[in-house]
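Hi there,

Here is the structure I promised to pass on to you. Have a look at it first, and then read on for what turned up in it.

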Amino acid sequence: MVFKKWRHTRPFFGAILTVLSGLMILWVPLNLYLSTFLPGSVAVIGLLFGGLITLMGLMSFFLPSASKALGIIVIFLSILSVIGALGGFLFGTIFGIIGGALLTAWRMVPAEESAGAPVSDAATHPAKTG
């Protein structure tokens, strides 16, 4: 019950997809580690982008109010990761775009709505007098 309440107060599925995307993008340059650190190799970019995408996913768990900016950055880095890490064989890019879109679309639910309390109509419909 506590986990369900915690999950509803942050962009949970967007963050999970973003972390998964970052790990997929990191997988390619880590398996090519012999050529990753050679001078002139672009695989270092894959390490940087995969690490940043994973970090953005973890940050969205702890900073849900910044999820819109994090989502835009994740989409941007996911598309650019095709250069250095083949985008995690394109699965990382696709998951990153979907996760970033979910982070961008997430909005914080007001406490009254999340508690299930009926919303008062008094402010929208003034009472008729006389």
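Starting from the outside, the protein chain exposes about 8400 Å², and carbon and sulfur atoms supply 77% of that area. Please keep in mind while you look around that this is a predicted model.

**The overall picture**

The protein chain has seven helices and zero strands, so if you follow the sequence along, the pattern reads α-α-α-α-α-α-α. Of its 130 residues, 34% count as buried. If you take the contacts between residues at least 6 apart in sequence, 72% of them join residues at least 24 apart.

**Helix α6**

I spent a good part of my time on this helix. Helix α6 covers residues 91-105. With 15 residues at 1.5 Å a residue, α6 should span 21 Å, and its end C-alpha atoms are indeed 21 Å apart, which agrees.

Which residues of α6 are buried? They are Gly92, Thr93, Gly96, Gly99, Gly100 and Leu103. Looking down the axis of α6, these buried residues fall within an arc of 130 degrees, so they line one face of the helix. They pack against three other helices, namely α2 (12-31), α4 (43-62) and α5 (67-89). On the face of α6 turned away from the buried side you will find the exposed residues Phe91 and Ala105.

**Partners of α6**

One residue to click on in α2 is Ser21. Ser21 has 0% relative accessibility and therefore counts as buried. Leaving aside neighbours within four places in sequence, Ser21 is in contact with Ile53, Ser78, Gly92, Phe95 and Gly96. Two of these partners, Gly92 and Gly96, are also among the buried residues of α6, and Ile53 is one of the buried residues of α4.

Helix α4 itself has 20 residues and reaches 29 Å from its first C-alpha to its last, close to the 28 Å expected at 1.5 Å a residue. Its buried residues include Ala43, Gly46, Leu47, Phe49, Gly50 and Thr54, and further along Met56, Gly57, Ser60 and Phe61.

In α5, you can look at Ile73. Ile73 is partly exposed, with a relative accessible area of 34%. The C-alpha atoms of Ile73 and Thr104 are separated by 9.8 Å, although the two residues are 31 apart along the chain.

**A nonpolar patch on the surface**

Which residues make the nonpolar surface patch of about 530 Å²? Phe13, Val82, Leu90, Ile94, Ile98 and Leu102 do. The largest share of the patch, three residues, comes from α6. Ile94, for example, is found in α6, and with a relative accessible area of 46% Ile94 is partly exposed.

Leu90, another member of the patch, lies in the loop between α5 and α6. At 47% relative accessibility, Leu90 counts as partly exposed. There is something else to check at this position: Leu90 has a positive phi of about 70 degrees although it is not a glycine. Most residues other than glycine have a negative phi.

If you want a short route through the model, you could begin with the buried face of α6 and the helices α2, α4 and α5 that it packs against. From there you could turn to the nonpolar patch, to which α6 gives three residues, and finish at Leu90 in the loop between α5 and α6.

Happy browsing, and best wishes!

Technical notes:
Residues are numbered from 1 along each chain as its sequence is written. This is a predicted model: local features need pLDDT of at least 70, side-chain atom pairs count only at pLDDT 80 or more; totals for chains, interfaces and linings use all residues. Side-chain values use heavy atoms; hydrogens and water are left out. Helices (H or I, at least four residues) and strands (E, at least two) are DSSP runs, numbered from the N terminus. The expected span of a helix is 1.5 Å times one less than its number of residues. Buried means under 20% relative accessible area, exposed over 50%, partly exposed in between (1.4 Å probe, protein chains only). The arc is that of the directions from the helix axis to the C-beta atoms. Contact means heavy atoms within 4.5 Å. Patches are made of residues with over 30% relative accessible area and no salt bridge: like charges are joined within 9 Å, nonpolar side chains (Val, Leu, Ile, Met, Phe, Trp, Tyr) within 5 Å. Accessible areas come from the Shrake-Rupley method with a 1.4 Å probe; for residues, only the protein chains shown count as cover. A salt bridge is a side-chain nitrogen of Lys or Arg within 4 Å of a carboxyl oxygen of Asp or Glu.
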